[in-house]
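Colleague: Before I plan any bench work, I would like a close look at one part of this protein, the cysteines and the aromatic rings. Could you take me through what the model shows there?

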Protein chains: 2
Amino acid sequence: MTQVRKRSKAPPPSQRRRSPPANPTLASRTTGPLDALLDPALFAALSDPTRLRLVACIAKCGRGCTVGETAACCAVDLSVVSRHLALLARAGILTAAREGRVVRYIVRYDALATLFRSLADALDHCRPTDIACACNADCAEGTCDAR
Amino acid sequence: MTQVRKRSKAPPPSQRRRSPPANPTLASRTTGPLDALLDPALFAALSDPTRLRLVACIAKCGRGCTVGETAACCAVDLSVVSRHLALLARAGILTAAREGRVVRYIVRYDALATLFRSLADALDHCRPTDIACACNADCAEGTCDAR
DNA sequence: CCAATACTTGCACAATGACGCAAGTACGCA
DNA sequence: TGCGTACTTGCGTCATTGTGCAAGTATTGG
């Protein structure tokens with residue numbers, strides 16, 4: 001994660017976001033070509049060992065897991081877990097739902113599985129065939145739309 | 001990426017690694033359960049926008065791309081591109097091959113596609129059924145093998 | 001062997017990210 | 001309304017990472 005610069009001062013408690021914004025529609029990433037599927041934010045969310053462990057933990061607990069339960073999976077402060085889960089939800093990997101006093105996080109199985117399959121398909125489509133790709137001369141020009 | 005602490009001083013030029021180590025066998029990650037597939041290093045490699053652009057660029061250029069060609073895809077120094085490509089190769093996403101004066105990098109289409117499909121499958125298997133998961137009480141104990 | 005091309009690596013620096021602690025907020029129940 | 005439980009957020013710290021520049025190494029051709 002490099003060029004994602006978000007540095008706005010937290011708004012006052014009154015107007016502070018209480019319920020997280022709608023999860024980004026993973027579906028919107030599952031249609032386009034390879035570029036559209038290669039979202040740095042998604043991979044960044046999955047690039048931390050602690051977060052991955054949390055995801056794995058929640059993925060296996062059928063019903064949603066609370067922050068406290070999930071925190072038992074790894075040896076970091078509860079506040080850290082809370083932040084990680086919020087981040088994962090923002091990335092569209094988890095869904096959060098408040099149930100009275102607790103918040104349950106659950107993995108967005110379908111969205112993720114669909115996304116990964118789309119990625120695999122997109123890669124297959126990119127695989128070179130016998131016909132040479134016209135963009136060989138220079139990736140920055142010609143028919144290569146990678147930029 | 002957090003707990004990956006590698007802080008060894010670079011070895012002297014004489015014993016410095018010239019050819020990169022064999023790419024990690026992505027295949028080894030495509031068999032186990034979800035945990036085995038959730039490799040932080042892989043996602044970390046894909047978490048940088050510049051690197052993703054390089055991957056997309058190379059993915060679409062059927063034959064391997066040289067470092068110089070690839071560098072045309074984005075506005076960073078050639079040395080940066082070189083480092084990114086080496087990292088991607090180390091992560092098993094690209095394969096490097098020296099051809100005379102140039103080095104060609106190519107996407108490991110099959111390995112990646114297989115990995116992503118395995119991930120999707122693993123997620124599908126984790127999806128809760130009607131039978132409640134026995135590990136609900138506490139993710140850190142019981143039958144939940146997420147830790 | 002020298003020069004040119006094509007990368008790779010050392011070094012310094014700024015920005016980012018993960019973390020823990022402490023304080024703050026939300027919700028349910030007396 | 002006051003209290004306890006369950007999270008969330010502010011803040012400071014420290015390690016990691018992305019980047020550019022300059023110097024180093026590899027490979028080919030003269």
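Modeller: What follows starts with the disulfides, goes on to a helix that carries one of the cysteines, and ends with the aromatic pairs.

This is a predicted model, in which local features need pLDDT of at least 70 and side-chain atom pairs count only at pLDDT 80 or more, while totals for chains, interfaces and linings use all residues. Residues are numbered from 1 along each chain as its sequence is written, chains are lettered from A and ligands numbered from 1 in the order in which they are written, and side-chain values use heavy atoms, with hydrogens and water left out.

The structure holds 2 disulfides over all chains, a disulfide being a pair of cysteine sulfur atoms within 2.5 Å. In chain A, the bond runs from A:Cys57 to A:Cys73, with an S to S distance of 2.1 Å, and because the torsion about this S-S bond is about 45°, the disulfide is right-handed. A:Cys57 belongs to helix 3 (residues 49–60) of chain A, whereas A:Cys73 sits in the loop between helix 4 (67–71) and helix 5 (78–90) of chain A, so the pair ties together parts that are 16 residues apart in sequence. Helices here are DSSP runs (H or I, at least four residues), numbered from the N terminus. A:Cys57 is buried, at 0% relative accessibility, and A:Cys73 is buried at 5%, where buried means under 20% relative accessible area, exposed over 50% and partly exposed in between, with a 1.4 Å probe and protein chains only.

In chain B, a disulfide joins B:Cys57 to B:Cys73, again with 2.1 Å from S to S, and its torsion of about 45° makes it right-handed. This pair links distant parts of the chain, with B:Cys57 in helix 3 of chain B and B:Cys73 in the loop between helix 4 and helix 5 of chain B, 16 residues apart. B:Cys57 has a relative accessible area of 0% and is buried, and B:Cys73 counts as buried at 4%.

Helix 3 of chain B, which carries B:Cys57, has 11 of its 12 residues buried, so it is largely enclosed by the rest of the structure. Among these buried residues are B:Leu52, B:Val55, B:Ile58 and also B:Arg51 and B:Lys60. At the start of this helix, a side-chain oxygen of B:Asp48 comes to within 3.0 Å of the backbone nitrogen of B:Thr50.

The whole structure contains 2 aromatic pairs over all chains; rings of Phe, Tyr and Trp (its six-membered ring) pair if their centres lie within 6.5 Å, and planes under 30 degrees apart count as stacked, over 60 as edge-to-face and the rest as tilted. The rings of A:Phe43 and B:Phe43 have centres 6.2 Å apart and planes at 20°, so this pair is stacked. A:Phe43 lies in helix 2 (residues 40–45) of chain A and B:Phe43 in helix 2 (residues 40–45) of chain B, so the pair joins two chains, and both A:Phe43 and B:Phe43 are buried. The rings of A:Phe116 and B:Phe116 are also stacked, because their centres are 5.8 Å apart and their planes at 10°. Since A:Phe116 is in helix 6 (residues 109–126) of chain A and B:Phe116 in helix 6 (residues 109–126) of chain B, this pair joins two chains. A:Phe116 is buried at 3% relative accessibility, and B:Phe116 is buried with a relative accessible area of 2%.

Notes
Polar contact = N/O pair within 3.5 Å; in protein donor to acceptor, adjacent residues only side chain to side chain.
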